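Q: Hey, could you walk me through this structure? I'd like to start with its pockets.

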Amino acid sequence: MPAMKHWLMKSEPDEFSINALERVVTEPWTGVRNYQARNFMLKDMKPGDPILFYHSNCAVPGVVGLAEVASAPYPDPTQFDRKSDYHDPKSTREEPRWWLVDVRFVRKFKRTVSLEDMKACADDFGDFALLRRGNRLSVLPVGASQFKRILSME
């Protein structure tokens with residue numbers, strides 16, 4: 001059995017927060033339109049993989065809870081919906097361009113582990129994509145030691 005991978009997934013809390021995930025329990029992670037992030041979901045994520053749920057573009061960006069991958073990848077239905085902000089006219093049902101996984105709520109953190117908290121002890125994280133200047137990916141891999149370090153900061 002392949003080793004479990006760890007992930008960080010970003011969401012703007014005004015769009016979809018950890019509280020919203022707690023309410024619905026499982027949610028399709030729609031709207032990803034970056035090929036690298038899509039490929040992580042399509043090729044690398046497996047059901048049961050743990051996810052750090054990250055609130056971005058807010059007063060205190062940071063990790064606010066835990067989730068897990070809840071499904072195998074499947075085509076993102078928003079790419080086919082002409083009324084969706086995520087519609088892609090070049091995508092077809094026969095050859096979809098965009099894929100997603102379902103995400104399941106695990107728990108909320110007692111406190112936000114802020115981006116500033118993580119930057120303050122950046123040496124503990126090695127080469128962590130989240131802390132790289134200019135990183136805008138909404139889905140990124142997290143090393144096992146980085147994952148444990150964030151959990152310890154809660």
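Q: What volume does the largest pocket have?
A: The largest pocket comes out at about 910 Å³. On a 1 Å grid over the protein atoms alone, a pocket is an open set of points with protein on both sides within 12 Å along at least five of seven lines. The volume is the space filled by probe spheres set on the points, which are joined across faces, edges and corners.

Q: Before we go on, what kind of model is this?
A: This is a predicted model, where local features need pLDDT of at least 70 and side-chain atom pairs count only at pLDDT 80 or more, while totals for chains, interfaces and linings use all residues. Residues are numbered from 1 along each chain as its sequence is written, and side-chain values use heavy atoms, with hydrogens and water left out.

Q: Back to the largest pocket: how many residues line it?
A: The lining has 28 residues, and Lys10, Ser11, Glu12, Ser56 and Ser138 lie nearest the pocket's centre. A lining residue has an atom within 4 Å of a point.

Q: Which helix and strands each supply at least two of them?
A: Those are strand E1 (6-11), strand E2 and helix H3 (115-120). Helices (H or I, at least four residues) and strands (E, at least two) are DSSP runs, numbered from the N terminus.

Q: And what does the lining look like by class?
A: There are 11 nonpolar, eight polar and nine charged residues in the lining of the largest pocket.

Q: Lys10 came up a moment ago. Which ring does its charged end sit over?
A: The charged end of Lys10 sits over the ring of Tyr54, 5.8 Å from the ring centre. To count, NZ of Lys or CZ of Arg must be within 6 Å of the ring centre and within 35 degrees of the ring normal. Arg38 has its charged end over the ring of Trp98, also 5.8 Å from the centre.

Q: New topic, rings with rings. How many aromatic pairs are there?
A: The structure has five aromatic pairs. One of them is Phe16 with Trp29, edge-to-face at 6.4 Å centre to centre and 85° between the planes. Rings of Phe, Tyr and Trp (its six-membered ring) pair if their centres lie within 6.5 Å; planes under 30 degrees apart are stacked, over 60 edge-to-face and the rest tilted.

Q: Where are those two in the chain?
A: Phe16 is in the loop between E1 and H1, and Trp29 is in the loop between E2 and helix H2 (35-44), 13 residues apart.

Q: Are they buried or exposed?
A: Phe16 and Trp29 are both buried. Buried means under 20% relative accessible area, exposed over 50%, and partly exposed in between (1.4 Å probe, protein chains only).

Q: Which residues do ring pairs link into a cluster?
A: Phe16, Trp29 and Phe53.

Q: Now Asn57. What's odd about its phi?
A: Asn57 has a positive phi of about 55° although it is not a glycine. Most residues other than glycine have a negative phi. Asn57 sits in the loop between strand E3 (50-55) and strand E4 (62-69), and it is exposed at 61% relative accessibility.

Q: Which side chain does Asn57 touch?
A: The side chains of Asn57 and Glu12 are joined by a polar contact of 3.3 Å. A polar contact is a pair of N or O atoms within 3.5 Å; within protein, one must be able to donate a hydrogen and the other to accept it, and residues adjacent in sequence count only if both atoms are side-chain atoms.

Technical notes
1 Å grid on protein atoms, 1.4 Å probe; cavity = no way out; pocket = protein on both sides within 12 Å on 5 of 7 lines; lining within 4 Å. Nonpolar A, V, L, I, M, F, W, Y, C, P; charged D, E, K, R; others polar.
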